[in-house]
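Please go through this structure with the points below at hand. They are grouped by topic for quick reading.

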Amino acid sequence: MPLLLALETSTTVCSIALFKDQQLLGASELQIEKSHSSHITVIISQLVENCGVTLKELDAVAVSGGPGSYTGLRIGSSTAKGLCYSLDIPLLEVSTLYGLAAQVVAATPDPGRFLFCPMLDARRMEVYTCLLDSMLQEVSPIEPVVLEEHTYEDKLKDKPILFFGSGAQKFKNLVTDAGHALFIDDILPSAKTIGQLALKKYEQKAFEDVAYYEPFYLKDVYITSAGKSTK
């Protein structure tokens, strides 16, 4: 099994984890908004040194591929690609939403009883979300959703759904009759679960093309400058 470095920068959390032979050697997380670009390389260097290995020993780098913050995803992907280029090692991508769901599935007794709905805040009443079963198989695809009181009403009739992530509170405030809707607070993206899922992809040799890899931004990016927008 590889020596794997995992990066999670899709939100305000800058999270780094290092794995060897499926064992977590160490992790470091920083929750300071707009800090990724100035801290990520320092955190990586410190973590690798503290774990008693060197960057040259890495066998692969895994990155949280989105959806999420455009800036955060760009910083994570460029850092991961730079490492893969310079060390000539493969790049692995794991969905940010799958990483969130994997945390909750692992902590849920008898998870097969539930569906899992990670939600990332996309401003106003919109979230980036999907619906997964306990095996992380898609029940509903990854998509932007504008939340309303009756969102997921049909799905909730069939099975209890666990809602979590930075966008879940917005939905919780809308639901007047919770019923089978269950909400879990304080679930943040973590490189630990990105690394765990990436190790499975490494075994399958499900590598990304380092030259052409781009994060899954989900929505077109608009850059506003001097009073006008460009796509």
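The briefing below covers charges, two buried positions and some backbone features.

This is a predicted model. The structure holds 2 salt bridges. A negative surface patch also appears, and Glu-149 is one of its members. The peptide bond from Gly-66 to Pro-67 is cis.

**Salt bridges**

- Side chains of opposite charge can pair when their charged atoms come close.
- Asp-121 pairs with Lys-170 in a salt bridge, and their closest N and O atoms are 2.6 Å apart.
- This pair links distant parts of the chain, with the two positions 49 residues apart in numbering: Asp-121 sits in strand β6 (residues 115-121) and Lys-170 in helix α5 (residues 168-174).
- Asp-121 is partly exposed, with a relative accessible area of 41%.
- Lys-170 counts as buried because its relative accessible area is 14%, which is under the 20% cut-off.
- Asp-110 forms a salt bridge with Arg-113, where the closest N and O atoms are 3.2 Å apart.
- Arg-113 has a relative accessible area of 44%, so this residue is partly exposed.

**Negative surface patch**

- Five acidic residues form the patch: Glu-149, Glu-153, Asp-154, Asp-158 and Asp-177.
- Glu-149 lies in the loop between β8 (138-146) and α4 (153-158).
- Glu-149 is partly exposed, at 37% relative accessibility.

**Leu-131, a buried strand position**

- Strand β7 (residues 126-132) contains Leu-131.
- Leu-131 has a relative accessible area of 0%, so this residue is buried.
- Which residues does Leu-131 contact, leaving aside neighbours within four places in sequence? They are Leu-115, Phe-116, Cys-117, Gln-137, Glu-138, Val-139, Ser-140, Tyr-152, Lys-155 and Ile-161.
- The C-alpha atoms of Leu-131 and Leu-97 are 9.5 Å apart in space, and the two residues are 34 residues apart in sequence.

**Thr-79, a buried helix position**

- Thr-79 belongs to helix α2 (residues 70-87).
- Its relative accessibility is 14%, so Thr-79 counts as buried.
- Not counting residues up to four places away in sequence, Thr-79 touches Leu-7, Ile-40 and Ile-44.
- Thr-79 and Val-63 are 16 residues apart along the chain, and their C-alpha atoms are separated by 9.1 Å.

**Backbone features**

- The cis peptide bond from Gly-66 to Pro-67 has omega near 5°.
- Pro-67 is placed in the loop between β4 (60-64) and α2.
- Asp-21 has a positive phi, near 55°, and is a residue other than glycine.
- The loop between β2 (14-20) and β3 (23-30) holds Asp-21.
- Asp-21 is partly exposed, with 43% relative accessible area.
- Tyr-152 is not a glycine, yet its phi is positive, at about 70°.
- Tyr-152 is found in the loop between β8 and α4.
- Is Tyr-152 buried or exposed? Tyr-152 is buried, because its relative accessible area is 12%, under the 20% cut-off.

**Where the topics meet**

- The loop between β8 and α4 holds Tyr-152, and Glu-149 of the negative patch lies in that loop as well.
- Tyr-152 is also among the contacts of buried Leu-131.
- Within this loop, Glu-149 is partly exposed, whereas Tyr-152 is buried.
- Helix α2 carries Thr-79, and the loop between β4 and α2 carries Pro-67 of the cis bond.

Notes. Residues are numbered from 1 along each chain as its sequence is written. This is a predicted model: local features need pLDDT of at least 70, side-chain atom pairs count only at pLDDT 80 or more; totals for chains, interfaces and linings use all residues. Side-chain values use heavy atoms; hydrogens and water are left out. Patches are made of residues with over 30% relative accessible area and no salt bridge: like charges are joined within 9 Å, nonpolar side chains (Val, Leu, Ile, Met, Phe, Trp, Tyr) within 5 Å. Accessible areas come from the Shrake-Rupley method with a 1.4 Å probe; for residues, only the protein chains shown count as cover. A salt bridge is a side-chain nitrogen of Lys or Arg within 4 Å of a carboxyl oxygen of Asp or Glu. Lys and Arg count as positive and Asp and Glu as negative; His and the chain ends are not counted. The place of a charge is taken as NZ of Lys, CZ of Arg, CG of Asp or CD of Glu. Helices (H or I, at least four residues) and strands (E, at least two) are DSSP runs, numbered from the N terminus. Buried means under 20% relative accessible area, exposed over 50%, partly exposed in between (1.4 Å probe, protein chains only). Contact means heavy atoms within 4.5 Å.
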